[in-house]
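Subject: Structure for your review

Dear colleague,

Please find below the structure I agreed to pass on to you. My notes on it follow directly after.

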Amino acid sequence: MAFLDISHLEKAFGTMRVVKDFNLGIEKGEFISLLGPSGCGKTTVLRMVAGFERPDMGAITIDGKDITGLKSNQRNVGMVFQSYALFPNLTVAENVGFGLKVAGVARDEAAERVREMLALIGLPDLGARYPFQLSGGQQQRVALARALAPRPQVLLLDEPLSALDAKIRVSLRTEIREIQQRLGITTIFVTHDQEEALSISDRIVVMNGGIAEQVGAPFDIYNRPETRFVANFVGTLSMLDGTVMQPDTGQVRLGDTGITLGRPLTQKSGSTVTLALRPETVHLGRAPGCEIILPARILEVHFLGSVIRIRVEAAGTQLSLDTFNRADMPPPPVGAATEISLAPGDIIVLGDRLPGGD
Amino acid sequence: MTKLWSWGALLFGVLFFLMPLYGMTEFSLKMRRGEYSLDAYTAVINNPQFQATFSYSVIMALVTIAFGVLLVVPTAFWVRLKMPWLRPWVEFITLLPLVIPSIVVVFGYIRLYNTSSWLPLTGTALGTNILLMFGYTVLALPYMYRAVDTGLRTIDVATLTEAAQSLGAGWVTIIARVILPNVLGAVLSGAFLTFAIVIGEFTMAALLDRPAFGPFMQLLGANRAYEPAALAVIAFGITWACMGLIQLVTRFSKHNRLAR
């Protein structure tokens with residue numbers, strides 16, 4: 001059994017089933033992200049682990065102990081909120097020490113722990129300040145220290161970076177990951193930002209419509225999406241519907257063009273198969289190692305700085321491709337005829353499991 | 001030209017309110033024939049009944065405030081947190097004392113809690129004091145509830161509660177250490193309004209036959225010339241002091257000094 005085990009969790013609000021048969025095992029010290037669009041049930045799962053919502057069905061255990069029926073203040077679970085939720089009437093040090101005071105920790109010990117926590121978040125001199133005297137990033141650091149001070153078994157982060165500006169968000173997520181690894185605390189992080197989830201998680205749970213569509217390491221989630229939804233939601237993906245010609249060799253017809261994937265397909269001959277391509281796997285012109293070459297026409301060119309995203313029409317459909325910006329190589333003009341190349345191994349064959357696919 | 005009219009309107013308003021006050025204050029100083037003196041004030045303050053009734057009303061006000069805070073803060077907190085659909089009803093109920101005359105309320109009390117009832121509160125002085133305190137709480141309810149509810153609106157009650165819960169706090173700790181301190185300014189506004197209401201209240205205290213300040217003011221007004229004016233000035237002073245204290249408390253509340 002995993003350290004934090006969530007099994008067959010169900011939750012409905014009125015007639016709306018928000019979480020459906022959700023199962024997840026999290027190992028001790030693991031950093032898991034629940035990733036999904038608004039309304040997918042990720043926050044509800046987190047709130048059920050925190051004890052703020054009572055599941056209709058299912059069980060949650062931490063270290064073998066069933067906590068499903070426990071009140072939130074009996075669970076020893078720390079939580080960081082999107083809106084910081086620092087107590088405005090207390091100083092930073094008092095905020096961090098709140099949980100320790102509630103737990104009846106001796107004053108000297110609590111003061112030492114508060115000092116330790118403030119040093120951990122890099123704000124050792126701001127203990128006497130009030131929350132309103134801090135920036136958003138500082139407030140969220142204090143909220144993290146406050147959640148960690150009572151040494152919780154599990155740390156829950158409910159979109160803690162959403163209210164911060166882009167630069168702070170990137171630096172703080174790195175800090176959160178460093179602190180989590182240093183303390184080895186089991187963490188669930190809720191976000192709708194795929195970049196955040198991909199960059200700091202050990203594993204990601206992609207959620208849609210109350211179910212876990214796919215659970216896996218960021219590399220697997222990005223490169224081997226199992227469902228159409230995951231493929232669409234994580235990263236940018238061009239999808240092409242083809243017809244299977246020879247399942248054994250992976251021969252597929254895309255419009256008037258035939259391509260060979262070089263690996264067997266589970267679909268029958270004549271059936272439709274959905275292929276997906278990341279923009280970075282499609283190359284403008286003939287690239288070495290890319291055996292599939294398709295004639296194409298430039299539809300749109302978006303200059304994004306270091307990267308140029310180009311939209312082309314090829315094989316009867318539209319594809320996106322990324323190319324690095326080079327000062328000596330201006331982007332091709334819109335409407336120009338060109339060629340694109342891709343490696344068969346880079347083509348993702350989306351499985352038959354398409355729940356909630358769109 | 002518009003500015004002139006504005007200043008004119010302001011001047012008219014100030015005179016409208018201040019002239020009667022000035023007249024009353026001036027009259028209260030004329031007890032000694034031919035010169036201004038504080039004789040009326042001395043007479044009022046040295047009156048043993050003044051001291052007794054004022055002390056009684058102050059104690060009643062403090063008890064009413066304590067009871068009101070204990071009743072209203074958890075109620076308003078709970079309604080906002082768990083039963084927001086109940087808010088219009090609670091607001092309606094708290095407004096009732098403004099439309100039901102206090103004489104009706106006190107007659108209701110006397111009928112319900114007289115010596116031959118199932119709970120004979122009027123049978124003893126302590127019981128009657130408790131009944132009067134309940135009455136004062138009802139009278140102050142519209143002000144206390146609104147003040148606290150407005151205070152709660154300024155903080156994120158749900159998230160702060162959940163944050164405290166995740167840190168192991170129970171309901172009493174949450175209300176005492178998180179909610180109450182953050183709405184203290186609002187609670188104090190309600191408390192000072194309650195104080196002002198209790199100090200000047202006549203009907204309930206008179207009909208329940210309690211030695212309160214309101215009936216004393218009425219008695220003095222009916223029998224003396226200068227002392228009632230002095231007493232009215234003192235009462236105004238107390239009310240204004242309460243308002244000043246509300247301002248001071250909100251201004252010197254440390255955690256929101258800069259936030260405002």
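What percentage of the 358 residues of chain A count as buried? In this predicted model, the figure is 42%.

Overall description of chain A

The secondary structure of chain A consists of eight helices and 20 strands. Its C-alpha atoms occupy a box of roughly 75 × 50 × 35 Å along the principal axes. Among the contacts in chain A with a separation of 6 or more, 65% join residues that are 24 or more positions apart.

The domain assignment divides chain A into domain 1 (4–231) and domain 2 (236–349). The C-alpha centres of domain 1 and domain 2 of chain A are 39 Å apart. Contact between them involves four residues of domain 1 of chain A and four residues of domain 2 of chain A. On the domain 1 side, these residues comprise two nonpolar, no polar and two charged.

The sheet at the start of chain A

Strands of chain A form an open sheet of four, in the order β2-β1-β4-β5, with antiparallel pairing. Because β2 (16–26) and β5 (65–66) of chain A each have a single partner strand, they stand at the edges, and one side of each has no neighbour in the sheet. Strand β1 (residues 4–13) of chain A pairs with β2(A) in the antiparallel sense over seven bridges. A:K11 has A:V19 in β2(A) as its bridge partner.

Helix α5 of chain A

Helix α5 of chain A covers residues 166–183. With 18 residues at 1.5 Å a residue, α5(A) should span 26 Å, and its end C-alpha atoms are indeed 26 Å apart, so the two values agree. The buried residues of α5(A) are A:R169, A:L172, A:R173, A:I176, A:I179 and A:Q180. They lie on the same side of α5(A), because they cover an arc of only 130° around the axis. The face turned away from this buried side carries exposed residues, namely A:K167, A:S171, A:T174, A:E178 and A:R182.

The elements covering the buried residues of α5(A) include β3 (31–35), α3 (107–120), α4 (136–148), β8 (186–191) and α6 (194–200) of chain A. Just after α5(A), A:G184 adopts a positive phi of about 65°.

Chain B and its contact with chain A

Between the two chains, 20 residues of chain B are in contact with 21 residues of chain A. On the side of chain B that touches chain A, α7 (157–166) and α8 (171–182) of chain B each supply at least two residues. Of the elements there, α7(B) gives the most, with six residues. By class, this side of chain B has nine nonpolar, nine polar and two charged residues.

Helix α12 of chain B, residues 227–251, can be checked for length in the manner used for α5(A). Its 25 residues should span 36 Å at 1.5 Å a residue, and the end C-alpha atoms are 36 Å apart, so expectation and model agree. The buried residues of α12(B) are B:E227, B:P228, B:A229, B:A230 and B:L231. Among the elements that cover these residues are α1 (2–28), α2 (39–46) and α11 (213–223) of chain B.

Yours sincerely

Terms used:
Residues numbered from 1 in each chain as written. Chains lettered and ligands numbered in written order. Predicted model: local features only at pLDDT ≥ 70, side-chain atom pairs only at ≥ 80, totals over all residues. Contact = placed C-beta atoms within 7 Å. Nonpolar A, V, L, I, M, F, W, Y, C, P; charged D, E, K, R; others polar. Buried ≥ 20, exposed ≤ 12 C-beta atoms within 10 Å, placed from the backbone. Expected span 1.5 Å × (residues − 1). Arc of directions from axis to C-beta. Domains from an automatic or database assignment. Pairing = 2+ DSSP bridges.
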